[in-house]
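I opened this notebook to record what I looked up, and in what order. The entries go from the whole chain to a helix pair and then to single residues.

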Amino acid sequence: MKSADDRYKPKSCRFSKEWVFLQAFLTALALNTELGVANDEIDGISNVLLARLYALFAQIEFGIRSRGFFLTVLTAALFVGYMWISQKKRFFSTEKHAALAAFLSAMYTGGMAYWYGGSLSLLYSFQINRIRSIVLLVGMYFFYLHAIEGMHYMLHKKTENAGTVAEKKGKWVSMYQKSSFWITWGILMLAWLVHLILRYPGAMSYDNWAQLRYYYGFETYTTAQPIFHTWLFGSFIRLAVKLGSPNVGLFLFVLMQSLIMSAVLAWTLELMKRWNTAVWLRTLTFAVYCIAPYFTGYAAFPIKDYLYTAFLVLLACLMAEWMLEEEQFWNQAVQNVLWIVAAALMILCRKNGIYLYLVVTVVICVQMF
C-alpha cells in the first residue's frame, strides 16, 4: 500500500505541471496579442448587453484569428522550456526574480501601447484592450521570470573544469591566457576589416552630410547634430582634403571608430573571462561581435550613435567593476581616467548622453551614501 506521502506527490506534480502549462499558455497568448481595435458591425442587435458581448468576442477573435496552430505549438514549446527551468536550482531569491520580471513586463506592455497608439491610454481606452493589457502583463511576467531563472542557471553552470583546461594547455592556450585582450581585439579588427574594405571608403548618411555643411559653414549649427562629433568628423575630412582625397578621411574616421568599438567589446569579453562566465556564452558573444550586422555593418557608418554606443558600453563595464570592487575601484588611476573619458565622450557624442549620466550619478550617490 502506498504511503500518504506517495499518494500526495503525483497530485503535487500534476498541479505543478498544470500551473506551468497555464503560464506557458498565457505567455504564448501575450506574444500573439495585438492592441489594434477593429470596427465591428453590431447593427440589428437591439439588446445593449448582447451587443457589447458580440463586440467583445469579435475583438477577441480579431486578436487571435488564424493563429490557432502557431499558438498551440508555441504553448507546447514554452511548456517544455518552463518545465526544464523550473527543475533547476535557483541561485538567487525569488523576490529579486519577481521584481525584475514585473518591471520588464510593465515596460513591455507600455511599449506595446506606444507602438500601436503612441500613448498608454490605448491600454484602457477600449474594453478589449483592458483584457489584453492584463494578458500582456501576466503572460510576459512569466516569460521574463523563467528567462531570468534560466539565464542564472546557465551562467552559474560550471563548464570549465580543471581537467579539461589542463588537457588543452599548450602554446597557443598559454599565449591566449597571457594576452587574451589583445588577441581578442586583433581578431575582431581582422573580421571587421573585411567589411571596411568592401565598403571603402564608408557609407555616409544624411546626418553626416548635414555635419559637413555645418563644419564648412554652408549652414548654421543647430542642436540636431552634436558639435563635438561634427567637429571630429569634419576634421578628418579636412585633413584628407589637404592630402588630396576626402575619401581617405572618411575611411580613416570609420577605421578609428572601429578600433575604439572593437577595443571596448574585447574588454567586455575580458571581463566575462575574469568573472568566470561560461565558455559557451563567451564564445557566442564573440561570434555575435564578429558577424552581427550592427557591429560589422555600422563599423563603416560614421554616425554619431556608433561612438556614443562604444563609450556607453565602456561606462557600463566600469560601473560593473565599481559595483564589484566598491572602494578599491576609485583607488586605481586607470579606472578613474577611463571613467572620465567614457562619461565625457558619451555626452559629447550624443546630446542625450547627459541625461543618461545623470541617472548614473544618482545610482552612485545612492550606493555610496
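**Entry 1, whole chain.** I began with secondary structure and found 17 helices and zero strands in the protein. I note here that I am working from a predicted model. I then looked up burial, and of the 369 residues of the protein 36% count as buried. For the surface I read an exposed area of about 22,300 Å², of which carbon and sulfur atoms supply 68%. I also checked how contacts are spread along the sequence: among those between residues at least 6 apart, 72% join residues at least 24 apart.

**Entry 2, a helix pair.** How do the axes of helix α12 and helix α13 cross? I took α12 as residues 246–274 and α13 as residues 279–291, and found that their axes come within 10 Å and cross at roughly 175 degrees. Because an angle over 145 degrees counts as roughly antiparallel, I wrote down α12 as roughly antiparallel to α13.

I next listed the residues that meet: from α12 I have Leu 265, Thr 268, Leu 269, Met 272 and Lys 273, and from α13 I have Leu 281, Arg 282, Thr 285, Phe 286 and Tyr 289. Sorted by class, the contact of α12 with α13 has six nonpolar, two polar and two charged residues.

**Entry 3, Pro 246.** I stayed with helix α12, where Pro 246 is found. Is Pro 246 buried or partly exposed? The relative accessible area of Pro 246 is 40%, and since the partly exposed class lies between 20% and 50%, I entered Pro 246 as partly exposed. Leaving aside neighbours within four places in sequence, I found Pro 246 in contact with Ile 237, Ala 240 and Val 241. I also looked up Pro 201, which is 45 residues from Pro 246 in sequence, while their C-alpha atoms are 9.2 Å apart in space.

**Entry 4, Asn 208.** I then turned to helix α10, which covers residues 206–215 and holds Asn 208. Asn 208 has a relative accessible area of 0%, and because buried means under 20%, I recorded Asn 208 as buried. Which residues does Asn 208 touch, not counting those up to four places away in sequence? I noted Phe 233, Pro 302 and Ile 303. For the side chain of Asn 208 I also looked for polar partners, and I found one of its polar atoms 3.0 Å from the backbone nitrogen of Ser 205.

Conventions. Residues are numbered from 1 along each chain as its sequence is written. This is a predicted model: local features need pLDDT of at least 70, side-chain atom pairs count only at pLDDT 80 or more; totals for chains, interfaces and linings use all residues. Side-chain values use heavy atoms; hydrogens and water are left out. Buried means under 20% relative accessible area, exposed over 50%, partly exposed in between (1.4 Å probe, protein chains only). A polar contact is a pair of N or O atoms within 3.5 Å; within protein, one must be able to donate a hydrogen and the other to accept it, and residues adjacent in sequence count only if both atoms are side-chain atoms. Contact means heavy atoms within 4.5 Å. Axes are lines fitted to C-alpha atoms, for helices over the stretch in contact, and angles run from 0 to 180 degrees between N-to-C directions. Angles under 35 degrees count as roughly parallel, over 145 as roughly antiparallel, 65 to 115 as roughly perpendicular and the rest as oblique. Ala, Val, Leu, Ile, Met, Phe, Trp, Tyr, Cys and Pro count as nonpolar, Asp, Glu, Lys and Arg as charged, and the others, Gly among them, as polar. Accessible areas come from the Shrake-Rupley method with a 1.4 Å probe; for residues, only the protein chains shown count as cover.
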